[in-house]
Every structure is written in structure tokens, then in C-alpha cells.
Amino acid sequence: MNYVEKAKRDVANDVTWNRVAGLTTRGARALPGASVEYVLEKFPIIGWLPKYNYRWIINDIIAGLTVGLMLIPQALSYAKIATIPVQYGLMSSWLPSAIYAFMGSTKDVSTGPTSLIGLLTSEIVEDLEHTEWTPSEIASAVALMMGVYGMVVGFLKLGFLLDFVSLPVLSGFISAVAITIILNQIPSLLGEKNVGSGTATQIHDVFHELPRANGLACAVGFTGIFLLVCLEQAGKRWGTKNKVIWFLANTRAFIALLIFTGVGYAVNKDRGDPSNYLFDVAQVKSNGQEPPRVPSAALISEVATRSITVFVGATIEHVAIARAFGVRNNYVTDQTQEITYFGVTNFFNSFFHAMGVGGAMSRTAVNSASNVKSPLSGLITTAVVLVSIFKLVGTLYWIPKATLAAIIVTAVFPLISSPVVFYNYWKTSLADFISSMIAFWVSLFVSTEIGIAASVGFNVLYVLLRQVFTRVSATPDKRSELAMALDEAHGAPASIPPDTSIFRFNESVFFPNAFRTKSSIMDTIQTHHAPSYDSAFAPEAERNWSVVGEKRVAKLRRRANITDPSALPPIRLVVIDFVKANHADSTASTHLKALMKEIKKYGGNTVNVRFACMSRYVRQRFERAGWQLVDGNEPVVEEEDEEEIVRVYSSVAAAVMAPRYMQSLRGSEEEENEKIAGIEKVSTAGGTVTTMHQETVG
């Protein structure tokens with residue numbers, strides 16, 4: 001009996017059991033309301049459609065038409081990359097935009113086939129080419145598994161797992177993918193026949209077959225590249241001033257398709273058998289959308305593991321594009337919802353003989369530049385693609401393969417990271433440089449699956465070894481722990497002004513936790529501070545379509561028991577305390593730069609962001625990554641073309657009490673576009689991790 005009583009007392013006093021009981025009770029009470037809220041979150045259109053301004057409809061129609069005209073040639077081209085019949089690219093493109101209108105959390109993202117998904121799919125098609133299944137069936141099975149993985153990660157909110165793929169890994173990986181895609185298109189561009197597979201083999205065979213290249217195919221292909229590049233450069237130079245040039249530049253792929261399809265028809269229509277054509281044509285064959293069919297169970301099991309790499313690469317690309325344009329256009333994206341959409345659309349789209357789909361940087365940029373107002377533009381894009389499927393397929397038969405190759409080459413060439421990017425990794429962190437090189441060279445010469453797995457494995461191993469071989473540092477004068485504790489206590493300010501927020505990293509900040517760090521800081525600022533009067537988030541600012549941001553902030557303020565948001569002070573000073581952060585990497589540097597831009601957008605250009613207690617090691621990392629760090633009391637004369645300077649103080653108290661300085665973010669619109677475009681090369685996924693916590697003081 002004594003044992004029973006003892007057991008009862010242990011259970012009654014056990015902290016873990018009491019915590020489990022408390023969490024269970026709170027969860028049961030919150031379940032009904034949370035369930036309804038969870039379902040509503042999966043269909044954002046329920047929140048924003050009642051607030052839709054019908055004056056926006058013209059913008060949405062124009063944007064939908066423009067993106068639809070872009071999507072037709074890109075869908076055909078990316079299906080060619082996937083080595084499936086090109087008409088299946090169109091069949092892959094009509095449903096995603098329609099679903100996005102209901103489930104998307106951005107107004108800008110355009111979804112459909114992409115070059116990255118095309119290449120990763122082609123590797124699986126090549127592995128299974130001698131089996132009983134056709135290439136289009138294999139691509140559909142891959143899309144279905146991408147959908148399954150996306151729904152699991154999205155519905156269970158496991159997006160943090162994708163944060164283990166760092167920015168340097170993605171730079172190397174996507175650069176290798178872009179080069180591989182270009183190499184795959186060289187035979188079509190030159191009209192060469194006997195070119196094998198594999199990077200080394202392709203390079204050898206392209207030069208070996210050069211004397212037997214088809215001159216007419218070369219003329220069509222390189223003329224197409226010349227036309228596309230000229231229209232693109234014209235758009236960059238005069239597009240903002242002339243709407244006709246802007247439209248021609250953004251629909252340049254469709255224009256090239258029209259011109260060279262006419263050429264292909266004119267010179268080949270009377271030549272009978274396709275073997276007698278002057279150059280190869282796409283020979284698109286279709287009688288409209290084929291009836292839906294579920295991929296076979298045997299094929300699904302065959303591609304299940306191979307599809308993981310496609311899912312990881314495509315999801316990271318999609319989420320990064322959504323995040324970038326949300327920040328750029330001042331609305332909040334729900335990254336978990338984007339992953340959920342990604343899963344749902346690939347799952348159901350796979351029934352229509354479709355390859356995998358995801359967000360595309362070029363179409364998203366055009367959609368944004370078209371001043372799109374809401375995701376309803378996707379319904380117009382769907383209509384344009386359906387018209388092409390049922391009415392234009394016969395005409396598309398005559399598209400020269402060299403023209404498709406030209407469209408692909410010009411589309412993916414900007415994805416290759418500059419050598420400067422990799423040199424910056426070298427300067428910032430040897431580990432980041434090595435991981436990027438592993439991802440690049442292994443993906444280029446072995447396979448993309450092994451490349452991304454090896455580079456992520458290296459990163460994880462590096463993090464573990466840092467913990468194993470951590471060093472213990474002694475202060476130069478051997479002061480006691482008590483004296484150091486007193487110093488730290490003196491570093492805290494006696495009082496904190498209401499317009500100030502202080503954040504302390506309790507761990508090193510690096511690739512697994514960098515995004516969560518940034519998100520946590522912004523959440524706290526938006527919870528406890530009002531936006532500046534000149535901010536895009538100010539109450540009197542013109543309302544955009546999205547209600548996600550205001551709902552999120554309202555929820556955070558309810559949790560903080562803030563009943564009167566109008567009484568909140570503005571944010572004028574942000575201090576970030578690095579006293580416990582003994583390591584940082586390139587990913588952390590990139591996310592903290594993005595954080596500073598977001599703080600400026602919310603609080604206005606008068607906000608001061610300051611660092612405190614940075615170790616020499618961490619400070620050197622940031623300086624090698626291109627940060628301009630100066631000691632807090634050092635006088636600085638800011639010129640108009642000078643980049644933002646961040647002041648570093650020896651203690652939090654010094655950072656809080658120092659005089660405020662006027663600072664502003666600078667940079668042309670073209671530079672900003674280049675930075676956003678670069679995210680497709682080095683994109684990261686959304687989500688949360690628990691290895692980093694922010695402690696908010698004040």
C-alpha cells in the first residue's frame with residue numbers, strides 16, 4: 001500500500017505529468033474553435049474576397065492575360081526539359097492557377113511548370129525509360145508524390161524541416177541545375193542528333209557533332225535568342241516609360257513562338273514526311289485535355305523516394321518566391337499555407353497527366369509588374385491556357401525545337417549564380433563555400449539527388465562537429481564568473497524607452513534557425529509597436545487585397561493582452577544583443593539584412609537598428625559578408641550613395657542610451673529587382689525551428 005501511495009504522490013507532484021495534463025486540458029478546450037480557424041486558414045479567399053474592391057478587376061484581367069501568354073511557351077518548353085511530349089506542359093498549367101485563386105496567400109505568385117521541376121523530373125524519366133510506363137505517366141506519378149509530401153508537410157506544419165537546406169547549398173544546386181538544362185538544350189539549338197546524357201558526355205558529344213550541325217536549326221535558334229534578349233533589354237531600358245515596350249518585353253517568349261511557328265509552317269508544310277523537314281519541329285499532338293486518370297500504384301511506389309529531391313527543390317523555390325514578393329509589395333504571406341497549396345495542387349493536377357508545378361520567378365515578376373491586385377487573376381490565366389489546349393494545339397505542331405531551346409536557354413541563364421556569389425561565401429565562411437561547391441559539382445557531374453543530399457549532410461555534420469569540438473575561452477585577466485556576471489548586469493539599461501525593443505539571441509544564429517529568428521523579431525515589433533505614419537502598414541495607407549497580416553497581428557496582440565492598439569508606441573530603436581551568439585553564417589547574414597528592410601518598411605526610415613555585444617569572431621563574419629559595421633561612438637558622415645551603416649556597441653545599455661541617428665535604406669528599383677531575382681538561386685523555405693529563441697526586453 002505504501003508503494004501505491006508513493007506512486008500517487010509522485011504522479012501528483014511530477015512536473016512532466018502535470019504539464020501533460022495541463023496541455024491536454026487546454027488543447028481540448030481550444031479544439032473546436034481552433035479546428036474552424038484551421039479550416040478557414042486553408043482557404044484564404046474566404047477572408048479577402050468580401051473586401052475585394054471591384055475597381056481592381058481590370059488590373060487582374062490584364063495581369064492574367066499577360067501571364068497566360070507567357071505561360072503557353074514556357075509550359076511547352078519546360079515539358080521539353082522534362083523529356084515528356086510538350087503538349088503535357090499545357091495540360092499541367094490550367095488547374096494550378098485556378099486552385100491558387102482559392103488557396104494562395106499571395107497576389108503575385110504564378111504557378112505552373114518550372115525549369116527546375118522539369119530537369120529533376122527528367123532524371124527520373126531517364127532512370128525509368130526502359131520500363132512499361134510512358135514518360136508522361138512517370139511525370140504524373142512524380143507530381144502525385146510531390147503533392148503527397150507537400151500535403152503532409154503543409155497540413156502538419158513541418159516546414160521547418162526545409163530550413164536545413166542553407167542558402168549556399170541552394171546557390172550551388174540551382175546553378176548546377178541551370179547549367180545542366182542549358183547543356184540539354186544545345187543539341188536542339190544546333191540541330192545535332194547523336195548527343196548522349198551526362199554532363200561530361202554531353203560536352204564531348206556537342207563538340208564532336210559540331211561539323212554535322214543543322215545550319216538552318218542554328219539560324220532559327222540563335223535568331224530566337226537574339227530576339228528574346230533584345231526585347232528583354234528594351235523592356236529593362238524603356239519598359240517603365242512605354243507600356244507597349246513593356247508588354248512586348250514581357251510576352252517576348254510568346255512573340256518568338258508566333259514568329260518561328262509561322263516560319264516552321266511556311267518552310268515545312270509541303271515537305272511531307274517529318275524526316276524531310278528542314279529542321280525539327282515539336283510535332284505537338286493533342287485532341288484537347290485528356291480525361292483524368294490516377295497513376296498506377298506500382299509506378300507510384302517506384303518513384304516515391306526519387307520524388308523527394310524534386311519536392312524539396314521545388315518547394316523551397318516556391319516558398320522563397322512567395323516570401324520575396326510579399327515583402328516587396330507590403331503584404332504578409334503564409335508559408336505553411338503555400339506549402340499546403342503546393343501539395344494539394346500537385347496531387348490533384350497529377351490526375352490530368354501533368355508534370356509537377358510550382359512558383360516561377362519570371363512569371364511572378366511579370367505578374368507583380370502588371371500591378372495585379374489579387375489572386376483572381378489566376379482564373380484569367382486558366383482560361384487562356386484552356387483556350388490554347390482546345391483551339392491552338394494544331395498550330396503548335398510547327399514550333400521549331402530550336403525555338404523552344406532558345407526560350408529555355410534565355411529563361412534559365414539568369415539562374416546561374418555569379419562567381420562573385422561563391423567568392424563571398426569563401427570570404428564569409430569556409431564551411432558555406434564547401435557546401436555550395438559540393439552541391440554544385442556533385443549535382444552537375446553525378447546527380448541532383450546525391451548533390452543536395454551530400455551538401456545538406458555536410459552542413460549537418462559540420463554543425464555537430466562544432467558542438468563536439470567547442471572551445472572554452474578564458475578572459476585575458478582571468479576574472480571570476482561573479483565579476484563577469486556583474487558586468488553583464490551593468491550592461492542592461494536602467495529603463496527602456498517605449499519606442500525601443502531589445503532582442504537577445506540565446507544561441508548561435510545560422511541556417512537552421514535564421515528564418516525563425518527574423519520572423520520572431522518582426523512578430524514582436526508588430527505586436528508591441530504601431531507602424532509609422534509613413535509606413536506601408538499604417539492604418540491610413542491604401543488597403544491591399546490581403547487580410548492575412550492584419551489577422552496575424554490581431555491574434556498576436558490578443559495573446560499579449562493588448563486591448564487598445566491605438567495606444568501602442570511607434571518603433572524607433574531596435575537593439576539586437578549578440579552576447580550569447582558565438583557563430584553566424586551566410587544564411588544568417590542574408591536573413592538579418594532582410595529583417596532590417598522589413599523593420600524599415602514597418603517603422604519608417606527613422607528607425608535605428610543597432611547591434612550589441614558582438615564577439616570579434618561574429619563581427620568579422622558579418623564584415624566579410626559585406627556589412628558596414630562601425631563602433632557605436634565613431635562619427636560617421638553618411639553620403640547620399642552610402643549603404644546603410646550598422647552601429648555596434650559594447651553593451652545593450654550603451655546601444656539604448658546613445659544618440660539616435662537618421663538612417664535610410666538606399667538602392668535603386670533595378671538593384672532591388674536583382675536581389676529579389678537572386679532569391680530563386682538561393683531560396684530557402686519557411687517554417688519554424690526550436691533551436692533559437694528570442695528574449696524580448698521591454
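Helices and strands are taken here as DSSP runs, with at least four residues for a helix and at least two for a strand, numbered from the N terminus. Read in those terms, the chain over residues 213-232 is 90% helix and 0% strand, and its end C-alpha atoms lie 28 Å apart. The model is a predicted one, and the values below are computed from it.

**Overall make-up**

The protein chain contains 29 helices and eight strands. Of its 698 residues, 52% count as buried, while the accessible surface amounts to about 32100 Å², with 61% of that area belonging to carbon and sulfur atoms. Among contacts between residues at least 6 apart in sequence, 84% join residues that are at least 24 apart.

**Annotated transmembrane regions**

An unreviewed UniProt entry places the feature "transmembrane region" at several spans, among them residues 167-186, 213-232 and 438-465. Two of the annotated spans are set side by side here.

| Span | Helix | Strand | End C-alpha distance |
|---|---|---|---|
| Residues 167-186 | 100% | 0% | 29 Å |
| Residues 213-232 | 90% | 0% | 28 Å |

**Nonpolar cores**

The largest nonpolar core has 116 residues, and those that touch the most other members are Leu-76, Ile-138, Met-146, Val-165, Phe-173, Leu-257 and Val-303. Helix α9, which covers residues 167-190, supplies the largest share of this core, with 11 residues. A second core of 29 residues is separate from it and includes Phe-505, Met-522, Phe-578 and Val-648.

Phe-173 can be followed in more detail. Leaving aside residues up to four places away in sequence, Phe-173 touches Leu-116, Leu-120 and Gly-313, and also Ala-439, Phe-440, Ser-443, Thr-448 and Ile-452.

**Cavities**

A search of the whole structure finds five cavities of 30 Å³ or more, and the largest of them has a volume of about 100 Å³. This largest cavity is lined by 13 residues, of which Val-109, Ser-110, Asn-367, Ser-377 and Gly-378 are the closest to its centre. Helices α6 (94-103) and α18 (377-396) each supply at least two residues of the lining, and α18 gives the most, with three residues.

**Individual residues**

Most residues other than glycine have a negative phi. Thr-83 has a positive phi of about 60° although it is not a glycine, and this residue is found in the loop between α4 (57-81) and α5 (87-91). The relative accessible area of Thr-83 is 44%, so this residue counts as partly exposed, a class that lies between the cut-offs of 20% and 50%.

Asn-561, also a residue other than glycine, has a positive phi near 60° and is found in the loop between α25 (548-559) and β4 (573-577). Because exposed means over 50% relative accessible area, Asn-561 falls in that class at 66%.

Val-267 lies in helix α13, which spans residues 252-268, and with a relative accessible area of 33% this valine is partly exposed. Apart from residues up to four places away in sequence, Val-267 touches Leu-278 and Phe-279. Val-267 and Trp-398 are 131 residues apart in sequence, while their C-alpha atoms are 9.9 Å apart in space.

How values were computed: Residues numbered from 1 in each chain as written. Predicted model: local features only at pLDDT ≥ 70, side-chain atom pairs only at ≥ 80, totals over all residues. Heavy atoms only, no water. Core = buried A, V, L, I, M, F, W, Y, C linked by side-chain atoms within 4.5 Å. Buried < 20%, exposed > 50% of the residue type's maximum accessible area, 1.4 Å probe, protein only. Contact = heavy atoms within 4.5 Å. Areas by Shrake-Rupley, 256 points an atom, 1.4 Å probe, with all protein chains shown as cover. UniProt positions renumbered as here; feature names shortened; annotations may be inferred. 1 Å grid on protein atoms, 1.4 Å probe; cavity = no way out; pocket = protein on both sides within 12 Å on 5 of 7 lines; lining within 4 Å. Points joined across faces, edges and corners; volume = space filled by probe spheres on them.
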